[in-house]
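Reader: Hello! Could you walk me through this model, one question at a time?

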Amino acid sequence: MKEKIGFIGLGIMGQGMVRNLLKAGFEVYIWNRTHPKMDPLIEIGAHAATSPADVASHATIIITCVSDTPDVEHVMMQANGVIFGAKPGDLVIDMSTISPEITRRLAQAFADRDVQMLDAPISGGSEGAAKGTLSIMVGGEADQVARAMPVFEAMGKAITHVGDIGAGQTVKLVNQILVVVTMLGVGEALLFAQAGGLDLNKTLEAVTQGAAGSWMLSNRGPQVVERDWRPGFTIDLQQKDLRLVLEAADQMGVPMLGTSMVFNLYRTLQQQGLGAEGNHALVKALEHLAGTEIGNR
């Protein structure tokens, strides 16, 4: 029998993820704190639920994809939370990016009720969510990962079981370090190219296929040149993830020189009211220092 899916959190990522679950033929029950975001998905076949607990009562696999650690704790454990609707044998999958420590604590609370949990944070931006090409980093028991694989395959292409519960979140933080430090390099390189009088589009064409190539360069570099700051992932959400990185690094005693620099550059942009722009708008902080703007004239 095909699993019934519950999905909580219909933001910039969740909308596309639910559409792909429906396209794959899953029956999906949805809930979002702001109810109007549910309407477009109801129109294409999703079922509306009245609370996270109500979602869980109808589903066998319950997915959460919300903004931050306190949000996950709230929809999981507070009044009308998932834990009050989940049934023995159900599987909860958190696809948010949150604290690995809190993830393990939540998993234990569910295990006490004979409910399994995986942590499966995602990468690939709104584009990957819409196209079903997300990278998914999964922590938890191997049998539950196998159970969830058809669900993951509806939403992503690179699905990797990285270890026990909490490992998915830790790998996602590794991912975020690479994303932001790479974006710092993209910004500096484009500033350098412009100062050298180069055509920026031709420059990107020349370097994206070589050793310098990366997803951020290929996907966000052209947006920077066009000064298109629409978010695949916002500065505010990126800052939340970097805060988790720096907290975990502090606990482990690991120096984070580049990441902490980016965190502070993003903070200056937030103070300018730019937190809702895409995380590639990091280059605006570099432009301020350089006294110029990137873009073909």
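**Salt bridges and a helix pair**

Author: Happily, and let us start with Asp90: its relative accessible area is 4%, so Asp90 is buried (buried means under 20% relative accessible area, exposed over 50%, partly exposed in between, with a 1.4 Å probe and protein chains only). Please keep in mind that this is a predicted model, where local features need pLDDT of at least 70, side-chain atom pairs count only at pLDDT 80 or more, and totals for chains, interfaces and linings use all residues. Residues are numbered from 1 along each chain as its sequence is written, and side-chain values use heavy atoms, with hydrogens and water left out.

Reader: Thanks! Which side chain meets Asp90 in a salt bridge?

Author: A salt bridge here is a side-chain nitrogen of Lys or Arg within 4 Å of a carboxyl oxygen of Asp or Glu. The N to O distance for Asp90 is 2.8 Å. The partner is partly exposed, at a relative accessible area of 29%. That partner is Lys87.

Reader: Is Arg230, the salt-bridge partner of Asp228, buried or exposed?

Author: The closest N and O atoms of this pair are 2.7 Å apart. Asp228 has a relative accessible area of 17%, so Asp228 is buried. Arg230 has 62% relative accessibility, and therefore counts as exposed.

Reader: What is the N to O distance between Lys284 and Glu277?

Author: Lys284 counts as buried because its relative accessibility is 19%. Glu277 is buried too, at 18%. Their side chains meet in a salt bridge, with an N to O distance of 2.9 Å.

Reader: Which residues do salt bridges that share partners join into one network?

Author: Side chains of opposite charge can pair when their charged atoms come close. The structure holds 12 salt bridges. Those that share partners join into one network Arg227, Glu287 and Glu293.

Reader: Now the helices: why is α8 oblique to α10?

Author: Helices are DSSP runs (H or I, at least four residues), numbered from the N terminus. α8 spans residues 167–195 and α10 residues 215–226, and their axes, lines fitted to C-alpha atoms over the stretch in contact, are 10 Å apart. Angles run from 0 to 180 degrees between N-to-C directions; under 35 counts as roughly parallel, over 145 as roughly antiparallel, 65 to 115 as roughly perpendicular and the rest as oblique. α8 is therefore oblique to α10, as they pack at an angle of about 45 degrees.

Conventions:
Helix = DSSP H or I, 4+ residues; strand = E, 2+ residues; numbered from the N terminus.
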